[in-house]
Amino acid sequence: MSATLDQREHFYRLVPALLARNERTALVLAEIGVGYVEPHLTPDVRSRVINVGIREQAMIGVAGGLALAGMRPIVHTFPPFLIERPFEQVKLDLGHQGVGAILVSSGGSYGWPQGGETHFGQRDVALLDTLSGWTVHVPGHVDEVEWMLHSAAATDDRVYIRLDGVCNERPHGRPDGTFTVLQQGNSGTVISIGPMTDRVLAAASGRDVTVLHASTIRPFDSRTLRVTLTEPDVMIVEPYLAGTSVLQVDRALADVRHRVSGVGVEPGERRKYGTVAEHDRANGLDVDGLSRSMSEFFG
């Protein structure tokens with residue numbers, strides 16, 4: 001599989017086959033993605049693709065109803081329309097009713113930068129952290145999307161798969177959800193989430209630090225962090241709101257005196273940037289910015 005393929009494009013190819021293979025699954029959309037998935041649909045699955053129109057709250061409500069009826073709903077749109085706008089329904093129609101769904105985003109924090117603040121999704125994982133029982137996958141490569149989607153479809157859990165247009169050169173994620181040790185050092189630890197890893201490895205080149213990769217960030221793999229820990233200085237680099245997982249690191253090291261730095265998308269609107277690369281540079285998520293952050297934190 002080519003690393004240049006957009007994760008979302010791969011999802012549009014995967015989901016019709018999943019619908020055909022698993023008659024319990026249904027795809028719920030709110031206009032976004034309809035045109036992309038349509039060419040891949042066959043007559044036997046078309047009735048299980050439900051477009052509710054531009055009604056994101058109804059989209060989650062429909063998913064909750066399908067789950068109560070024994071179906072396994074897959075819900076797809078931009079992150080703010082998937083998590084923020086229908087948050088009440090995510091909380092009640094799924095969580096409070098004790099049912100699950102697979103929420104699959106279309107783009108990450110600013111996957112469609114020309115869409116502006118209405119389409120930016122950097123708050124998604126932080127919001128889900130206020131709820132219980134969610135598994136959160138952040139694929140770093142298109143090859144990881146398939147096992148994430150199929151493993152989620154085999155359960156009735158509440159699962160969020162955060163797709164992005166950016167990929168690492170090769171997959172690092174593990175289906176068991178544990179972190180992957182990519183580099184070992186003695187001066188501290190960098191945890192890299194999903195598509196950030198190629199840049200993190202470039203910034204960490206020549207530094208005496210451990211680099212861990214995570215494609216599954218909830219539940220948080222405290223064990224691997226602890227068993228690989230040398231100096232108790234931890235930097236976590238996430239492609240969404242900076243500091244989202246700092247609490248997870250603090251909990252993992254509650255009995256250890258430690259320092260932690262959360263690097264990611266800073267809060268606040270940025271209206272003047274028109275490309276993903278410009279947003280990354282503004283947030284210090286390019287290689288130069290990450291290198292500066294490591295120098296300041298690790299010395």
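How much space lies in the second largest cavity? About 60 Å³, and Figure 4 shows what surrounds that space. Everything in these views comes from a predicted model.

**Figure 1. The seven-stranded sheet and the helix on it.** Here we look at an open sheet with mixed pairing, whose strands come in the order S2-S1-S3-S4-S6-S5-S10. At the edges stand S2 (49–51) and S10 (216–218); each has a single partner strand, so one side of each is left without a neighbour in the sheet. On average, neighbouring strands here are turned by 20 degrees against each other, ignoring direction. Zoom in on S5 (residues 134–137) and S6 (residues 158–161) and you find a parallel pair held over four bridges. Thr135, for instance, has Val159 in S6 as its bridge partner. Helix H1 (residues 7–21) packs on this sheet and touches S1 (25–29), S2, S3 (72–77) and S4 (102–105). The direction of H1 makes about 140 degrees with that of S1.

**Figure 2. The largest pocket and its lining.** This one has a volume of about 260 Å³. Its lining starts, in sequence order, with Asp6, Arg8, Glu9 and Tyr12, goes on through Ile32, Gly33, Tyr36 and Phe78, and is completed by Ser106, Gly111 and Trp112. Which element gives the most to this lining? That would be H1, with three residues. Sorted by class, the lining residues of the largest pocket come out as five nonpolar, three polar and three charged.

**Figure 3. A stacked tyrosine pair and a positive phi.** The model has seven aromatic pairs, counted with a limit of 6.5 Å between ring centres. One of them is Tyr12 with Tyr36: the ring centres are 5.3 Å apart and the planes are at 10 degrees, so the pair is stacked. Since Tyr12 lies in H1 and Tyr36 in helix H2 (residues 34–37), the pair ties together parts that are 24 residues apart in sequence. Both tyrosines also turn up in the lining of the largest pocket. Also in this view is Glu31, which sits in the loop between S1 and H2. Phi of Glu31 is near 75 degrees, a positive value in a residue other than glycine. For context, most residues other than glycine have a negative phi.

**Figure 4. Two cavities.** How many cavities of 30 Å³ or more does the count give? It comes to two. The largest has a volume of about 120 Å³. Its lining takes in 14 residues, with Tyr110, Asp164, Pro239, Val276 and Asp280 lying nearest the centre. By class, that lining holds seven nonpolar, three polar and four charged residues. The second largest cavity, with about 60 Å³ of space, is lined by Tyr110, Phe120, Gln122, Val265, Glu266, Gly268, Arg270, His279 and Asn283. Here the split is three nonpolar, four polar and two charged. Look for Tyr110 in both places: it lines the second largest cavity, and Tyr110 is also among the residues nearest the centre of the largest cavity.

**Figure 5. The five-stranded sheet and helix H12.** This open sheet, again with mixed pairing, runs in the order S7-S9-S8-S11-S12. S7 (180–183) and S12 (259–265) take the edges; with a single partner strand each, they have one side left without a neighbour in the sheet. Neighbouring strands of this sheet are turned by 25 degrees against each other on average, direction ignored. S8 (residues 189–193) and S11 (residues 233–241) run parallel and are joined by four bridges. One to pick out is Thr189, whose bridge partner in S11 is Val234. Helix H12 (residues 287–298) lies across S8, S11 and S12, at about 150 degrees to S11.

**Figure 6. A cis peptide bond.** Where in the chain is Pro219? Pro219 is found in the loop between S10 and helix H9 (222–228). The peptide bond that joins Arg218 and Pro219 is cis, with omega at about 0 degrees. As a reminder, most peptide bonds are trans. Arg218 falls within S10 (216–218), an edge strand of the sheet in Figure 1.

Methods
Residues numbered from 1 in each chain as written. Predicted model: local features only at pLDDT ≥ 70, side-chain atom pairs only at ≥ 80, totals over all residues. Heavy atoms only, no water. Pairing = 2+ DSSP bridges. Helix = DSSP H or I, 4+ residues; strand = E, 2+ residues; numbered from the N terminus. Axes fitted to C-alpha atoms, helices over the stretch in contact; angles between N-to-C directions. Contact = heavy atoms within 4.5 Å. 1 Å grid on protein atoms, 1.4 Å probe; cavity = no way out; pocket = protein on both sides within 12 Å on 5 of 7 lines; lining within 4 Å. Points joined across faces, edges and corners; volume = space filled by probe spheres on them. Nonpolar A, V, L, I, M, F, W, Y, C, P; charged D, E, K, R; others polar. Phe/Tyr/Trp six-rings, centres within 6.5 Å; stacked < 30°, edge-to-face > 60°.
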